[in-house]
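Thanks for coming. I will go through one model this morning, in a few short parts. Please have the sequence and the structure open.

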Amino acid sequence: MRILVTDGMDKSAMQALRDAGHEVVEQFYEPDQLGAALKEFDAVVVRSKTKVRANHIDEAKTGKLKLIIRGGVGVDNIDVKYAESCGITVKNTPRASSESVAELAMAHMFSCARYISIAGHTMREDKWEKKSYGKGIELSGKTLGIVGFGRIGQKLGVMAKAIGMNVVAFDIFHIPGIEEQLGIPYVEMDALLAQADFISVHAPAVDGGALINAERIAKMKDGVVIINTSRGTNVDEDALLAALESGKVRAAGLDVYADEPATNKALYSHPMVSCTPHIGAATVEAQKRIGTEIVDIIRNFSV
């Protein structure tokens with residue numbers, strides 16, 4: 001197969017593909033060039049930067065393209081149904097980055113609880129604001145509400161329980177036996193909003209507006225902490241900023257944004273926001289696992 005890698009990939013995985021006889025080309029294409037380029041490849045591997053839309057698929061389907069692989073969990077940067085209707089298979093790597101994203105969500109929880117982001121920033125400005133940041137809170141004994149209880153949400157729930165948090169989860173799909181296995185009960189959304197001290201979002205992007213909006217923030221506890229490492233559109237950024245300003249929301253930990261690269265400077269520069277530039281899956285270990293899954297997908301597809 002001739003394989004295009006647009007957004008980077010673990011080097012050992014690319015070598016494994018080459019050793020198996022495939023031609024691997026690593027190159028990013030701007031949107032207006034992508035469709036024509038895809039015609040020349042049997043498969044393309046993307047991450048979050050490259051968006052494969054219907055117009056690209058219209059061009060690509062007249063050529064060789066038969067397989068699109070998203071190195072990661074979400075596939076909202078690919079028009080999946082349209083691609084499949086054109087005979088192009090779409091795959092992702094849902095298991096590889098669960099641990100890394102869950103750990104980042106936990107890191108943001110600690111950062112929000114103990115002012116780590118802003119305190120570190122002020123020290124680099126030669127300030128010693130011990131009194132300003134001496135009113136942190138502990139995670140142990142607090143309630144974590146997880147919105148979206150798939151692989152990442154489950155990993156985070158186990159971590160949170162291990163440090164003494166109470167954990168509840170909301171998901172429109174209930175996995176049989178998971179409540180007993182992990183000791184984490186499902187609750188309705190309103191119940192989660194009412195009791196959680198920390199809320200972490202791990203759902204795919206949804207149609208019909210943000211999962212966390214002004215109406216739902218109003219139902220939360222005063223001083224709640226909101227974490228989002230899923231998709232930027234899952235949290236209404238204007239509503240979140242207003243709640244941070246009013247104090248309704250104590251702090252927010254954000255790895256994803258409505259626009260990326262992030263443009264809402266008022267939000268990401270807010271002193272009570274712990275922010276990272278969409279690095280949830282960006283660990284050495286996760287990238288190796290993603291690469292291994294991609295190699296397996298291509299090996300099985302080629303048979």
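Leaving aside its neighbours within four places in sequence, which residues is I178 in contact with? This is a predicted model, so please hear everything that follows with that in mind. The contacts of I178 beyond those neighbours are F149, Q154, G183 and Y186. I178 itself sits in helix α8. Its relative accessibility is 5%, and because of that value I178 counts as buried. For a sense of distance, take I178 and V273, which are 95 residues apart along the chain: their C-alpha atoms are separated by 32 Å.

One of those contacts, Q154, takes us to helix α7, where Q154 is among the buried residues. Helix α7 runs over residues 151-162, which is 12 residues. From first C-alpha to last, α7 reaches 17 Å, close to the 16 Å expected at 1.5 Å a residue. Which residues of α7 are buried? They are I152, G153, Q154, L156, G157, M159 and A160. As a reminder, an α-helix has 3.6 residues a turn, so residues three or four places apart point the same way. What covers the buried residues of α7? The cover includes two helices, α5 (98-114) and α8 (178-182). It also includes the strands β6 (143-147), β7 (166-170) and β8 (198-201). After α7 comes G164, with a positive phi near 95°.

Now to the surface. F110, I116 and I163 form a nonpolar patch there, and together these residues have about 240 Å² of accessible area. I116 belongs to helix α6, residues 116-124. With a relative accessible area of 48%, I116 is partly exposed.

Next, the cysteines. How many disulfides does the count come to? The count comes to 0 disulfides. C112 is in no disulfide, and the nearest cysteine sulfur, that of C275, is 9.9 Å away. The cut-off for a disulfide is 2.5 Å between the sulfur atoms, so the C112 and C275 pair does not qualify. C112 is buried, at 3% relative accessibility, while C86 is partly exposed, with a relative accessible area of 21%.

Last, the salt bridges. The structure holds 14 of them, and I will show three.

The side chains of D42 and K64 meet in a salt bridge, at 3.7 Å from N to O. This pair links distant parts of the chain, 22 residues apart. D42 is in the loop between α2 (31-38) and β3 (43-46), and K64 is in the loop between α3 (54-60) and β4 (67-70). K64 is partly exposed, with a relative accessible area of 37%.

R53 forms a salt bridge with D79, and here the closest N and O atoms are 3.2 Å apart. This pair also links distant parts of the chain, with R53 in the loop between β3 and α3 and D79 in the loop between β4 and α4 (80-85), 26 residues apart. R53 counts as partly exposed at 28% relative accessibility, and D79 is partly exposed with a relative accessible area of 26%.

In the third, the side chains of K248 and D222 meet at 2.9 Å, N to O. K248 lies in the loop between α11 (237-246) and β10 (249-254), and D222 in the loop between α10 (214-218) and β9 (224-228), so the pair ties together parts 26 residues apart in sequence. Are the two partners, K248 and D222, buried or exposed? K248 counts as buried, at 16% relative accessibility, whereas D222 is exposed, with a relative accessible area of 65%.

Technical notes:
Residues numbered from 1 in each chain as written. Predicted model: local features only at pLDDT ≥ 70, side-chain atom pairs only at ≥ 80, totals over all residues. Heavy atoms only, no water. Helix = DSSP H or I, 4+ residues; strand = E, 2+ residues; numbered from the N terminus. Expected span 1.5 Å × (residues − 1). Buried < 20%, exposed > 50% of the residue type's maximum accessible area, 1.4 Å probe, protein only. Contact = heavy atoms within 4.5 Å. Patch = residues over 30% accessible without salt bridge, like charges linked within 9 Å, V, L, I, M, F, W, Y side chains within 5 Å. Areas by Shrake-Rupley, 256 points an atom, 1.4 Å probe, with all protein chains shown as cover. Salt bridge = Lys/Arg side-chain N within 4 Å of Asp/Glu carboxyl O.
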